[in-house]
Amino acid sequence: MKVTVELHGATKDLSKNNFLEFEIKKNSSIRDIKIKILEFIEKNFQGNQNLRKLVQSSAFCSEEDEIISESYKINKNQVIGIIPPIGGG
Amino acid sequence: MLHAKIIDTSKEKIDILNAEKFLSSSNFGAIIYFLGTVRDLNENKKVTGITYDSRDTMVIKSFEEIYKESETKLKIKDKAVFIEHVKGYVAVKEKSIIIGAACKHRDEAYNLSRFIIEEVKKKSPIWKKEHYTNEESEWLKGVSIQL
């Protein structure tokens, strides 16, 4: 199964494509996706601490723009969004 | 009565005349405008502009929720609200957000305007990348989104 994570704000520094894709097991949780992203940072950004902290402090949202909890399960190919700390105005 | 929109600066300009036009049709006597602009100095760094990123659909949803919440939290039933926020590059001194709040009385209009900008800061998924005179740029630290 595949999950696509749409990037926003500072997390756009993770990829020029503005998204990341991961192969995941059925019923993986958002917590599992976070681990995947942290592994990606470890591999591609030498474990950059600022990026790690950014991901750890981020929320996630569904395709329907609802904030989803860390225990939210993904059971089909799905697109989610990462919502790093915000600051509009 | 709510107008909520994201303005993509590569396609159009944010313009207070649109707020005036919208709110003048509401017939409320007290109207407050809040304009957010890009300042030229932040944490001792000379700023040339800001690139705003946003999750557009979620931002509009948050504006609608803030509008609804103003009724329950501030008990302001009769109102007209105009909210536009930019997305894309904005130079120093240019506008990034326009909030227009129209109510029957000035107390309500002041309170409503303040409420909206404070809630936008907490609830609307918008991000800023600041650009400096030394050609460096940096995403600004924000606050965790609140439900």
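Start by selecting Y52(B). Leaving out neighbours within four places in sequence, Y52(B) is in contact (heavy atoms within 4.5 Å) with G89(A) from the other chain. Its partners in chain B are V38(B), H85(B), V86(B), K87(B), G88(B), V90(B), S96(B), I126(B), W127(B) and K128(B).

A word on what you have loaded: it is a predicted model, where local features need pLDDT of at least 70, side-chain atom pairs count only at pLDDT 80 or more, and totals for chains, interfaces and linings use all residues. Residues are numbered from 1 along each chain as its sequence is written, chains are lettered from A and ligands numbered from 1 in the order in which they are written, and side-chain values use heavy atoms, with hydrogens and water left out.

**The cores**

Keep Y52(B) on screen and add L112(B) and I116(B). These three have the most contacts inside the largest nonpolar core, a set of 37 residues. A nonpolar core here is a set of buried Ala, Val, Leu, Ile, Met, Phe, Trp, Tyr and Cys residues joined through side-chain atoms within 4.5 Å. Buried means under 20% relative accessible area, exposed over 50%, and partly exposed in between (1.4 Å probe, protein chains only). Next, pick F60(A), I80(A), I82(A) and I145(B): they are among the 29 residues of a second, separate core. In soluble globular proteins, nonpolar side chains tend to be buried together.

**Across the interface**

Now colour by chain. Contacts join 23 residues of chain A to 26 residues of chain B. The two chains bury about 1900 Å² between them, 55% of it on carbon and sulfur atoms; that is accessible area (1.4 Å probe) lost on putting the two parts together, summed over both. Select D65(A), I86(A) and G89(A) in chain A: they lose the most area to chain B, together 37% of what that side buries.

How many salt bridges are there between chain A and chain B? The count is 4, where a salt bridge is a side-chain nitrogen of Lys or Arg within 4 Å of a carboxyl oxygen of Asp or Glu. For one between the chains, zoom in on E66(A) and K61(B), whose side chains meet at 2.8 Å, N to O. On the side of chain A that touches chain B, β4 (59-61) and β7 (78-83) of chain A are the elements that give two or more residues. Strands are DSSP runs of E, at least two residues, and helices are runs of H or I, at least four, numbered from the N terminus.

While you are there, click S62(A), in the loop between β4 and β5 (67-68) of chain A. S62(A) counts as buried, at 3% relative accessibility. Beyond residues up to four places away in sequence, S62(A) touches I68(A), V79(A) and, over in chain B, R55(B).

**Charged pairs**

Over all chains, the whole structure has 19 salt bridges. Side chains of opposite charge can pair when their charged atoms come close. Try K2(A) and E21(A), with closest N and O atoms 3.7 Å apart. This pair links strand β1 (residues 2-6) to strand β2 (residues 19-23) of chain A, 19 residues apart. Both ends are partly exposed: K2(A) at 34% and E21(A) at 42%.

Move on to K34(A) and E70(A), at 2.7 Å between closest N and O atoms. K34(A) sits in helix α1 (residues 30-44) and E70(A) in the loop between β5 and β6 (73-74) of chain A, so the pair ties together parts 36 residues apart in sequence. Is K34(A) buried or exposed? At 10% relative accessibility, K34(A) counts as buried, whereas E70(A) is partly exposed at 31%.

In chain B, show E69(B), K73(B), E119(B), K122(B) and K123(B) together to see a network of salt bridges. Then hop to D8(B) and K11(B), which meet at 3.6 Å, N to O, in a salt bridge. D8(B) is partly exposed at 23%, and K11(B) is exposed at 70%.

**Last stops: loops**

Two backbone angles deserve a click. Q46(A), in the loop between α1 and α2 (49-56) of chain A, has a phi near 45 degrees, a positive value in a residue other than glycine. Q46(A) is exposed at 69%. K93(B), in the loop between β5 (79-91) and β6 (95-103) of chain B, has phi near 75 degrees, also positive. K93(B) is exposed at 68%.

Finish at E135(B), in the loop between β7 (126-132) and β8 (137-139) of chain B. E135(B) counts as exposed, at 75%. Draw a distance from its C-alpha to that of V47(B): you should get 9.5 Å, for residues 88 apart along the chain.
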